[in-house]
Amino acid sequence: MRPMAIVLGVVGLAMSGGTASAQVKIEPDQQYLILEVSKLATFEDELSEAAKLGFRIMMSTTSDNGQRIQALLERAATPSTPFEYRMVATASTKTGDKEMNAAAAEGFRVVPHTAMLKKGLTVFNANEVEIMEKSATPGDFFEYLTITAVRTGTFHRELRTAVEQGWRVVDMTYGKVLLERKRQP
């Protein structure tokens, strides 16, 4: 079995004429890439740049203090049709659902295992983050709903009702479950 090439602790891909700069060297047979950034504004751009190089996001997380984001990407089978990425980062669940549904109407879909709570420098500067991707080939359209509840019994009841209405769980952060279903025509 051939060893996998992995880049760890990458601070980001700098855009330079549509290719990665000398900041990180990506080998032609490299299968995985780890991106690490501290600014939300940079993250979406770096995901898109990595996608142009043939990578697709698998999952993401935040650091222990929630101030840095790290994402694991895998080389896609066909880099000629890269995925497009959109990050939804809001302080409000209602606004997050609205923004995810607006992106979903454009063909974006939530990537499971990418829900995060990104913290800023102050306690008042925190964002719920979901990463969405869009394939170059059009597919089904989806809609999104977030369930939040303080009590576990309420959570179970709301989740059961949503599942009966055709929703399915796609991601979760502490105290919140994200659901999706195919959009009705």
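What volume does the largest cavity have? I looked this up first and found about 190 Å³, in a predicted model where local features need pLDDT of at least 70, side-chain atom pairs count only at pLDDT 80 or more, and totals for chains, interfaces and linings use all residues. I kept the numbering that runs from 1 along each chain as its sequence is written, and side-chain values that use heavy atoms, with hydrogens and water left out.

**Entry on the cavity.** I took a cavity as a set of points, on a 1 Å grid over the protein atoms alone, where a 1.4 Å probe fits but cannot get out, with lining residues having an atom within 4 Å of a point. Points are joined across faces, edges and corners, and the volume is the space filled by probe spheres set on them. The structure holds one cavity of 30 Å³ or more. Of its 19 lining residues, Met100, Glu128, Glu130, Thr146 and Lys176 are the closest to the centre. I noted that helix H2 (93-105) gives the most to this lining, with four residues; helices (H or I, at least four residues) and strands (E, at least two) are DSSP runs numbered from the N terminus.

**Entry on strand S11.** I then turned to S11 (residues 142-148), where five of the seven residues are buried, so the strand is largely enclosed by the rest of the structure; buried means under 20% relative accessible area with a 1.4 Å probe, protein chains only. Seven bridges join S11 to S13, and the two run antiparallel; strands pair if DSSP finds at least two bridges between them. I found Lys176 of S13 as the bridge partner of Thr148, and Lys176 is also among the residues closest to the cavity centre.

**Entry on the cores.** I read a nonpolar core as a set of buried Ala, Val, Leu, Ile, Met, Phe, Trp, Tyr and Cys residues joined through side-chain atoms within 4.5 Å. The largest has 20 residues, of which Phe43, Leu47, Ile57, Leu73, Tyr85 and Ile131 touch the most other members. Helix H1 (40-52) gives the most to this core, with five residues. Apart from it lies another core of eleven residues, among them Ala104, Phe142, Val170 and Leu178.

**Entry on the pocket.** I last checked the largest pocket, an open set of points with protein on both sides within 12 Å along at least five of seven lines, and found about 370 Å³ of space in it. Its lining has 22 residues, with Gly107, Arg109, Glu133, Ser135 and Asp140 nearest the centre.

Conventions. Buried means under 20% relative accessible area, exposed over 50%, partly exposed in between (1.4 Å probe, protein chains only).
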